[in-house]
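Here is a friendly walk through some of the contacts you can look up in the structure below. Keep the viewer open as you read.

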Amino acid sequence: MKKSILTLTCFFALIATQVFAQIPHPKETFGFEVGADYKLADYDQMLEYYDKIAASTDRVQMIEIGKSVMGRPIKLLFISSEENMKQLERWREISEKLSRAEISEEEARRLSKEGKAIVWIDGGMHATERAHAQMTSELMWKIASEESDEMRAIRENVITLMVPVINPDGVDIVVDWYRKNVGTPFETTGPPILYQKYVGHDNNRDWFMNNMPETKAVTTILHNTWYPQIVHNHHQTSPRWAMIFLPPFRSPVNPRIHPGITTGVNLVGTAMANRFAMKKMPGVISGTSFSMFWNGGMRTAPYYHNQIGILTEVAQPSPKPTFYDPEKKPKNVGGKPSNGTEIFYPYPFEGGEVKFRDAVDYMITASMGILDLASDKRDEFLYNIYSMGKDAIEDEHGAFAYVIPTDQWNPSEAINLTNVLLQGGLKAHRATAAFTANGKSYDAGAIIFYGAQSYRPFLADLLETQVYPDQFLYPGGPPQPPYDLAGWTLPMQMGVTVDKIESSFNAQADEVTDKLTFDKGSVTGNGRYGFVFSNKDNQSATAVNRLQKQGYAVSQMTSDQGDLHAGSFMVRNKRGLQNRIQELADQLGLDFVGIQKKPTATLKALKKIKLGIYKSWQANMDEGWSRWMLEQFEFDLDTLHNVDIQSGDLSQYTAIIMPSQSPNGILNGNRKGRMPEKFVGGIGTNGVEALDTYAKAGGTLIFYDNASDFAIQQFKLPVKNVTAGLRPNDFFIPGSLIRTDVDADHRLGFGMMEQVAASFNRSRGFKMNDGATGVTEIAKYASDDLLMSGWALGEENHLANTSAMMHVAHGEGNLVLFAFRPQFRGQPRGTYKLIFNSIYLGAER
């Protein structure tokens, strides 16, 4: 008997050795150990390895889930036991049923026992955090090949979903920059361009809007296909002198999040911390920096889908080792005592050399802590996601429904809002007949989001107001800033009417199963002279740009004529226009009215629009977002670097946009010695003179937020920023929506609603100096009740009745100053037209 057992043991050991040997290690592809000093693999090497590991074992399968913004494939790998991999669709189906929570409790308990825990792990989002994109290759090898009892149990009980690199473009940009600068003084610097073509670091700020293709691809898996119970989002870096940050997070928590998520996050974080402690890996810190209130991050959006989102921040983002002198160990790390008396920092890092490999080891250990817990509590995590979803469906305090009427000021944005919510996994219905709810009549075509769905927290959080709690660093002290934003309510930002309906109603409606397209517009009247269309809809900008590119003459009405309002566009008839107009009506949902003779309203002919946008060598996310937004509406756009501003032909541009950036950053850029010589400096005094000459000769300069201070300073404008120099104790608005009144009769306000939400992110307020001339207020912050969503301190005293947007005459040209960012992260669609109108002003003949 003993001999048989020994033989069997040897047999299994041999099998394990063979499996281990046949699954290739990433070092065989990369040519070096993962985490080696001064070494980085690029994305082509990573793709080669993913192909090899998927081909080497039945424990790994790989699919492509989308393309990056620059066309690189985004890969998703499934890792589990051979038997589990044969039934992937079954495990996915169980996960979906439990997450959607539309089954009985009896079935839920049965499926929780049968199913497998689904754990998501990703890397490579923030490309200058270099370790996690490298680490994921070794982690997938470890999960697939290791034959320990723990790993066998993980493969038996868990389906690991791994997107090893969310941002492939960024990996190559950063690896290329590092390889060119290794061994130089610039080795630890980041590239002077965004590491995601449009949004850079903000690729982790896009997780409810899903503007970028990378976020769309991942969101489709997370909230529409696989529904993981745990999401692990790898990042760097931890607070200085800590090795890793992990949950529990600090307060506040958004009350819309199920308490099972908050406690679940704490449970997972504690299990991870215990694993580090028992492996004698010091420097684990929690309870600092990051909170659980804001929605739009990779690890925070899952909270509103009843998924446990885990963020870890690991030290040492560079392959160049760092030495921490033990004699200089600080008394506090991340605001916590570093002497071992702090409950959220009980095992301090004492100093010494930290290598890139240490970052890899800490990341792998963190993910292993999650996988082990998921394996051990598989059925508990599966049932809990069902239970939280069921609670959301049965919530008696939540709205019965949210209705988006067909009658909208800006119809295309109502469609866009619906699609944003659908992309996030919510279920919508479209009325097939008129109905009444809460005493209001709605037409067929109205969109209904019923509250009784498992993702109710996501629905309510995006459509209702945020009320951020007052938090101060200490009594009488300054505010404790929220992590990212305090208010983001989408109907306010997008200018869309959404009605919250508390009581039940009946409506004939079909479920929306596909992304909505714009409803077809109409073409009416005889267009012998031309066609007129309103500028109230944002898609009117797309129509203007397409018509100009097709060679048609477009003018803008600056006065009313009957039912045709000021701001409307008129396109002069010529051969082929009728067909072009019909195409635009069908594709963009715009209504066109044919006219037989020239309007009596005042018309301003528009030159063919060509824009320049300033792009600093200090990678600027606001520049990227601005460029992306303008491209969505098909504007002809050139990027202007310092030399282009200083010595280029600026007269070719109908307007030049200066995105939000510090005045010093625009003027002086990177300091000498901080970056290679090519990327040193800003536009300098020569650039200021060139912009001044351009504007005085009739050009239009548009400044967003921080860049407006540059305009005020450099052009000596009779305007002051009233928020400058205010202490946070007296005035503090950290990413909130502020009520703003617009002069819709001014041509820069044409097509706007008279009141909008300004996205105020530690932004500005303007006042003109006494006796100033040539300055016109286009929009101003409201006189009272300023805060629409989020958190504000001192707004009534310091911001009320100040200017949010100004026009300043400058020679023959125009300066347009925005005190806020009207295009912030592609979210505030309700203020886009203020940008468009500024562009049209520059294009007037």
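## Arginine 256 and its partner

Arginine 256 has a relative accessible area of 23%, so it is partly exposed. Keep in mind that this is a predicted model. Which side chain does arginine 256 meet in a salt bridge? The partner is aspartate 461, with 3.3 Å from N to O. Aspartate 461 sits in helix H15 (residues 456-463), while arginine 256 belongs to the loop between strand S6 (244-245) and helix H11 (259-278), so the salt bridge ties together parts that lie 205 residues apart in sequence.

Is aspartate 461 buried or exposed? Its relative accessibility is 0%, so aspartate 461 counts as buried. The cut-off behind this is that a buried residue has under 20% relative accessible area, whereas a partly exposed one lies between that and 50%. By that scale the pair joins a buried aspartate 461 to a partly exposed arginine 256.

## Proline 248 in the same loop

The loop between S6 and H11 also holds proline 248. With a relative accessible area of 12%, proline 248 is buried. Leaving out residues up to four places away in sequence, proline 248 touches Asn266, Ser286, Gly287 and Phe344. If you would like a distance to check in your viewer, the C-alpha atoms of proline 248 and glycine 264 are 9.6 Å apart, and these two residues are 16 apart in sequence.

## More salt bridges

How many salt bridges does the structure hold? There are 55 salt bridges. As a reminder, side chains of opposite charge can pair when their charged atoms come close. Several residues are linked in a network of salt bridges: Arg59, Glu82, Glu147, Asp149, Arg152 and Arg155.

Another salt bridge joins the side chains of aspartate 692 and lysine 696, at 3.2 Å from N to O. Both residues are in helix H22 (residues 684-696), and because they are four residues apart, about one helical turn separates them. In general, an α-helix has 3.6 residues a turn, so residues three or four places apart point the same way. Lysine 696 has a relative accessible area of 42%, which makes this residue partly exposed.

## Helix H23 and arginine 764

The side chains of arginine 764 and aspartate 709 form a salt bridge too, at 2.8 Å from N to O. This pair links distant parts of the chain, 55 residues apart: aspartate 709 is in helix H23 (residues 706-714), and arginine 764 is in the loop between strand S32 (755-761) and strand S33 (766-768). Arginine 764 counts as buried because its relative accessibility is 10%, and aspartate 709 is buried as well, at 13%.

Aspartate 709 has buried company in H23, including Ala707, Ser708, Phe710, Ala711 and Ile712. After H23 comes lysine 716, which has a positive phi near 50 degrees.

## Where H7 meets H12

Finally, look at helix H7 (residues 131-145) and helix H12 (residues 356-376), which pack at an angle of about 50 degrees with their axes 9 Å apart. That angle is why H7 counts as oblique to H12. The crossing of H7 past H12 is right-handed.

On the H7 side, the residues in contact include Met135, Leu139 and Ile143; on the H12 side, they include Phe356, Val360, Met363 and Ile364. Sorted by class, the contact of H7 with H12 has eleven nonpolar, three polar and three charged residues.

Terms used
Residues numbered from 1 in each chain as written. Predicted model: local features only at pLDDT ≥ 70, side-chain atom pairs only at ≥ 80, totals over all residues. Heavy atoms only, no water. Axes fitted to C-alpha atoms, helices over the stretch in contact; angles between N-to-C directions. Helix = DSSP H or I, 4+ residues; strand = E, 2+ residues; numbered from the N terminus. Parallel < 35°, antiparallel > 145°, perpendicular 65-115°, else oblique. Left-handed = near helix turned anticlockwise from the far one by under 90°. Contact = heavy atoms within 4.5 Å. Nonpolar A, V, L, I, M, F, W, Y, C, P; charged D, E, K, R; others polar. Salt bridge = Lys/Arg side-chain N within 4 Å of Asp/Glu carboxyl O. Buried < 20%, exposed > 50% of the residue type's maximum accessible area, 1.4 Å probe, protein only.
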